[in-house]
Amino acid sequence: MLVVSPGFSVLSEDFAADPYGYFPWLRQSAPVHFEPAIDGYFLSRYQDVRRVLTDHEAFTTETLQVRAEPVMRGPVLAQMTGAEHSAKRKIVVRGFTGQALQDQIRVIRADAAELIAPFLPRGRVDLVNDFGRPLAVYVTLDVLGLDKAHWPQVAAWHSGIAEFITSLVMTPERRRHCLDCAEQLEAYLLPVIEARRRDPGEDLISRLCTAEFDGIAMSNREVTALIINVLAAATEPADKTLALLFRHLIDHPEQLAQVRRDLHLLPAAIAETLRYTPPVQLIPRQAQQDVVFAGGTVPAGATAFCMIGAANRDPDAFTAPDTFDLHRPDLGTARSFTAAAQHLAFGTGLHQCVGAAFARAQIETVAALLLPLLDGVRYSPGFHYRETGLYTRGPAGLSLDFTPVG
Ligand code: HEM
C-alpha cells in the first residue's frame with residue numbers, strides 16, 4: 001500500500017493524478033478524512049457511503065442549495081424530498097423509459113453512425129473529443145427536444161454549469177463565468193418553454209410544461225431547473241463511461257475478444273466499468289446531526305463527500321476489487337442498472353440516478369455499433385492516457401487507431 005505523508009490532501013496534485021492509488025490507504029487509515037481547506041469530510045468505505053446515501057434523516061441534500069442551485073436557476077430534483085420529489089421524478093423518468101426510450105435508441109444509433117462516419121476512412125478517432133462528447137450532448141438535446149444545430153453553444157454553457165457543480169475550489173472569476181453560462185442558457189430556454197406550452201410535442205420539455213404537480217403546472221423557473229438538471233446529469237457521465245469501457249476492454253484483450261464474439265456481454269462490461277471506474281466520483285450530503293462512524297465522526301452541519309470510486313473498490317464489498325472482470329460473480333449485471341445495484345456508481349437511496357436504464361441502453365447501443373467498425377482497435381502511437389477530475393472523472397482524450405474502413 002502507498003505510504004502517505006501526514007499532510008495528505010484530496011486537493012493535492014498527487015491525488016488528482018491517481019486517486020485509485022490512495023483509496024486503499026484512505027479506507028484503512030483515514031475512512032472519515034477531514035479536508036480543512038474546504039471544511040468537508042471524505043468517506044471512502046463501502047458501508048459508510050451506503051449509510052450516508054440511504055439514511056435520509058441524518059444526511060440531506062441541503063448542500064446543493066449552494067453547490068448546484070445557482071447554476072440550475074432553481075431547485076433540482078436531488079434537493080427535493082417527499083411528494084414533490086416523487087411526482088417530479090416520475091415525470092422525468094417517463095421521458096427516459098418505455099416507448100420514449102425505444103424511440104430515443106433509434107435516434108442515438110443514427111446520431112452515433114453520423115458522428116463516427118468521417119473518422120472511419122482515416123482509421124483514427126479520439127473517442128472522447130471527436131465522438132463521445134458531441135454524441136452525449138446530441139442525445140440529451142434530442143431527449144429534451146432542443147435543436148441539435150445549437151449543440152456547440154449548449155455544450156459551452158453546459159461546461160460552465162458542470163464546472164460550477166464539480167469544483168471543490170473556485171476563483172471569483174471562474175464563478176462569474178459559470179453563472180454567466182447558466183444565465184445565458186436560461187435566456188435561451190425561456191422562449192422554447194413558452195413555445196412548448198402553446199404547442200406541446202412528445203419531448204421532455206413538453207412533458208415538463210404540461211405535467212401538473214398537486215393540480216398546478218410547473219412555473220418557467222421550475223421547468224428551467226429540471227431541464228438544466230437533466231442536461232447536467234445526463235451528459236457528462238455517459239460520455240465518460242463509454243470512453244472508460246473502451247479503455248478497459250483495450251487493456252484486457254481477452255475480454256475485448258469475448259465481447260466482440262458475443263455482444264450480449266456488453267451490459268456486464270458496462271456494469272463492471274461503472275464499478276471499477278465510476279464517472280461520478282463524489283456525491284455530497286449535509287449531516288443533520290453528529291454521525292459516528294467506525295473511523296470518525298461527521299459533525300452536524302458538515303458536508304460529507306461520498307467517495308464512490310473508493311467505495312466501489314472496497315474489498316469488504318467486492319472480491320479482488322482492483323481487477324477489471326466482466327464475469328465477476330459479485331456484481332450481477334441485471335440488477336446493476338436498478339435500485340438493487342451492488343455498485344454505487346448511480347448512487348443509492350431516494351436520489352439514485354433516474355437515467356440508469358437509459359444510460360445502459362445508450363452506451364450499449366453505441367458500443368455495439370462501434371465495436372464491429374473499429375477492427376483491430378488499439379491506442380494511437382505516442383498516445384499518453386490521462387484522467388482528469390475529482391468530482392466527475394474520465395479520460396482527457398482517447399486516441400484510437402483501427403483498420404480504416406474503405
Ligand atoms: C453512466 C451514466 C450515469 C451515471 C454514472 C450517473 C450517476 C448519477 C448519480 C451518482 C446520481 C446520484 C446523485 C445524488 O445522489 O445526489 C445521479 C442522479 C441523477 N441522474 Fe444520473 N447518471 C448517469 C446517467 C444519467 C442519464 C443518462 C440521465 C438522464 C437521462 C441522468 C439523470 C439523473 C437525474 C435527473 C438525477 C437526480 C435524481 C434525483 O435526485 O432524484 N443520469 N446520476
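Guide: Strands pair if DSSP finds at least two bridges between them. Helices (H or I, at least four residues) and strands (E, at least two) are DSSP runs, numbered from the N terminus. This is a predicted model, in which local features need pLDDT of at least 70 and side-chain atom pairs count only at pLDDT 80 or more, while totals for chains, interfaces and linings use all residues. Residues are numbered from 1 along each chain as its sequence is written.

Visitor: How many bridges join strand β1 to strand β2?
Guide: β1 covers residues 32-35 and β2 covers residues 40-43. The two strands run antiparallel, and E35 of β1 stands opposite G40 in β2. The number of bridges joining them is 4.

Visitor: Which residue in the turn of the β1 and β2 hairpin has a positive phi?
Guide: The hairpin leaves 4 residues between β1 and β2. Within that turn, a positive phi of about 55 degrees is found at D39.

Visitor: Is strand β7 mostly covered or mostly uncovered?
Guide: A residue is buried with 20 or more other C-beta atoms (placed from the backbone) within 10 Å of its own, exposed with 12 or fewer, and partly exposed in between. In β7 (residues 282-287), L282, P284 and Q286 are buried on one side, and I283, R285 and A287 are buried on the other. With 6 of its 6 residues buried, β7 is mostly covered.

Visitor: In β10, what is the bridge partner of I283?
Guide: On the β3 side, 2 bridges join residues 59-60 to β7 in an antiparallel run, and F59 has A287 as its partner. β7 also pairs with β10 (residues 303-307), again antiparallel, over 5 bridges. There, the bridge partner of I283 is C306.

Visitor: What is the strand order of the open sheet of 3 strands?
Guide: The edge strands are β4 (124-126) and β11 (378-379), each of which pairs on one side only. β4 and β14 (residues 399-401) are antiparallel and share 3 bridges, with D126 partnered by S399. The order is β4-β14-β11.

Visitor: At what angle does α8 run to β4?
Guide: Residues 127-144 form α8. With 14 of its 18 residues buried, α8 is largely enclosed by the rest of the structure. Just after this helix, G145 takes a positive phi of about 85 degrees. α8 lies across β4 and β14, and its angle to β4 (between N-to-C directions, from 0 to 180 degrees, of lines fitted to C-alpha atoms, for helices over the stretch in contact) is about 65 degrees.

Visitor: Which residues does P134 touch, not counting those up to four places away in sequence?
Guide: P134 is found in helix α8. This proline is partly exposed, with 17 other C-beta atoms within 10 Å. Its C-alpha atom is separated by 31 Å from that of L331, 197 residues apart along the chain. Taking contact as C-beta atoms, placed from the backbone, within 7 Å, P134 touches L115 and W151.

Visitor: How far apart are the axes of α12 and α14?
Guide: α12 (residues 220-251) and α14 (residues 266-276) pack at an angle of about 100 degrees. The contact is made by T241, L244, L245, H248 and L249 of α12 with A269, I270, T273, L274 and Y276 of α14. The distance between the axes is 9 Å.

How values were computed: Two residues are in contact if their C-beta atoms, placed from the backbone, lie within 7 Å. The expected span of a helix is 1.5 Å times one less than its number of residues.
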